[in-house]
Amino acid sequence: MHEAFVQRLRGELACPVATAVPLAPLNTFGIGGPAGCLVTPGTVADVSTTLHLCCEARIPLYVLGAGSNIIVPDEGIAGVVLRLAGGLSEISMTGGLIRAAGGVLDRELAEFAWQHQVTGFEWVYDIPGTVGGAIYMNAGNNDGEVSQTVVAVTWVAPDGTIHESELSDLELGYRQSRFQGTPGIIVEALFQPLGSDDPDRIRRRMAAIQALRQSKFPPETLCAGSIFKRPPGHFAGRLIEAAGCGGMGVGGALVSPKHKGFIVNTGGATAADVLRLIAEVKARVLEDSGVQLTTEVVSFAPFLSFA
Ligand SMILES: Cc1cc2nc3c(=O)[nH]c(=O)nc-3n(C[C@H](O)[C@H](O)[C@H](O)COP(=O)(O)OP(=O)(O)OC[C@H]3O[C@@H](n4cnc5c(N)ncnc54)[C@H](O)[C@@H]3O)c2cc1C
């Protein structure tokens, strides 16, 4: 990373700018090389300014939430990583709606809702991502989905302009949103709670959902949740088991023998190990069942790139 560019970022931003930052501790797989530069924006203006400066200097920019659904390349990121987790973190209640910044953790959103005695967020308590990442992925599980409560999203376009989109424009589908096709940095979301309830009952539901999930998860904690999307009419885990892939490994990456839909880092796994294992599982499942698996976890792709 050019020193002059870093100095420019530091001069124009009022937020932390660090160089040569290891990304492995900043994603739940615990893999990948360092970021040339890591910016942790404290305001939406920091986001717009970073975009503007990267565009001007033709430096690639990547957007990171809590890193719970990505595979960071082993060679790292030769560019700027804008990390919203630990940055944009305001959350408030206005007129019965929850307004949460893109870097608010899902767990914090659930706790905030519990404190305000409103429902619809119990299921996000155990999702290890951010509000921005949850909208980007339209996160969900058996107990709920982002699409049930989000009503509007504020996002920053690659040219630095700020936009607001309502639910009908978010194109939310199964682990899909408009932001996967049309780039936008999600800086804030407005949520409409489903109702209100006694805080003890809300707390008990959060705890019960978490306990059930944890009982199914692998004992290894370094992973990115479900690697594959649920194929229509099937369960990925069952197809993987039927294809004999449970316990299969490449390097330090292993298909969890306990939860076949998870790949875990048993220690020292590389991104290349994980990608090779994903390819092998897909090939075996296709051969065994004829079903083509697609990944839910995403390779860490640039938000802005300059070929
Ligand atoms: C143990 C475990 C359990 C999980 N369980 C579930 C589950 O039940 N349901 C589920 O849906 N997922 C689950 N996940 C996956 C993951 O937590 C979610 O997909 C989460 O929403 C990702 O959020 P994140 O902030 O970590 O995003 P990241 O992993 O940081 O990023 C994911 C993608 O979103 C983009 N992105 C992130 N933030 C923004 C933003 N503000 N603006 C624009 N783009 C952005 C990134 O560039 C990247 O492309 C699980 C993961 C783990 C490790």
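The following dialogue explains how to read several features of this predicted model.

User: Where should one begin with helix 5, and how does its length compare with what its residues should span?

Analyst: One begins with the rise along the helix. At 1.5 Å a residue, the 18 residues of helix 5 (residues 199-216) should span 26 Å, and this agrees with its end C-alpha atoms, which are 26 Å apart. At the N-terminal end, D198 acts as a cap, with a side-chain oxygen 3.1 Å from the backbone nitrogen of D200.

User: Which residues of helix 5 are buried, and where do they fall when seen down the axis?

Analyst: Burial is judged by relative accessible area, with under 20% taken as buried. In helix 5 this applies to I202, M206, I209 and R213. Seen down the axis, these buried residues fall within an arc of 70 degrees, so they line one face of the helix. The face turned away from the buried side carries the exposed residues R204 and L212.

User: What do the buried residues of helix 5 pack against?

Analyst: Their packing partners are helix 3 (106-115), strand 8 (118-119) and strand 9 (140-141).

User: Which residues come nearest to the ligand?

Analyst: There are 33 residues around the ligand, and V63, S68, T130, G140 and R213 come nearest. R213 is also one of the buried residues of helix 5. For polar contacts, one looks at the atoms themselves. An oxygen atom of the ligand lies 2.6 Å from a polar backbone atom of V63, and an oxygen atom of the ligand lies 2.8 Å from a polar backbone atom of N69. A nitrogen atom of the ligand is 2.8 Å from a backbone N or O atom of G140.

User: Where does S68 lie, and is S68 buried or exposed?

Analyst: S68 belongs to the loop between strand 3 (61-64) and strand 4 (70-71). Its relative accessible area is 16%, and S68 is therefore buried, the cut-off being under 20%. The side chain of S68 reaches the backbone oxygen of P128 at 3.4 Å. Leaving aside neighbours within four places in sequence, S68 contacts T28, P128, G129 and A224.

User: How should one read a hairpin, and what lies between strand 11 and strand 12?

Analyst: One reads the pairing, then the turn. Strand 11 (residues 150-156) and strand 12 (residues 162-166) pair in the antiparallel sense over five bridges, with V153 standing opposite S165 in strand 12. Five residues lie between the two strands of this hairpin, and G160 in the turn has a positive phi of about 90 degrees.

User: What is the order of the strands in the open sheet of four strands, and which strands stand at the edges?

Analyst: The order is 15-18-17-16, with antiparallel pairing. Strand 15 (223-226) and strand 16 (249-250) stand at the edges, each with a single partner strand, so one side of each has no neighbour in the sheet. Strand 15 is joined to strand 18 (residues 262-265) by two bridges, and C223 stands opposite V264 in strand 18.

User: Why does a positive phi deserve attention in a residue other than glycine?

Analyst: Most residues other than glycine have a negative phi. Here N138, which is not a glycine, has a positive phi of about 40 degrees. N138 is in the loop between helix 4 (131-137) and strand 9 and counts as buried at 0% relative accessibility. R175 likewise has a positive phi, near 55 degrees. R175 is found in the loop between strand 12 and strand 13 (185-191), and its relative accessible area of 8% makes R175 buried.

Conventions:
Residues numbered from 1 in each chain as written. Predicted model: local features only at pLDDT ≥ 70, side-chain atom pairs only at ≥ 80, totals over all residues. Heavy atoms only, no water. Pairing = 2+ DSSP bridges. Expected span 1.5 Å × (residues − 1). Buried < 20%, exposed > 50% of the residue type's maximum accessible area, 1.4 Å probe, protein only. Arc of directions from axis to C-beta. Contact = heavy atoms within 4.5 Å. Polar contact = N/O pair within 3.5 Å; in protein donor to acceptor, adjacent residues only side chain to side chain. Near = heavy atom within 4 Å.
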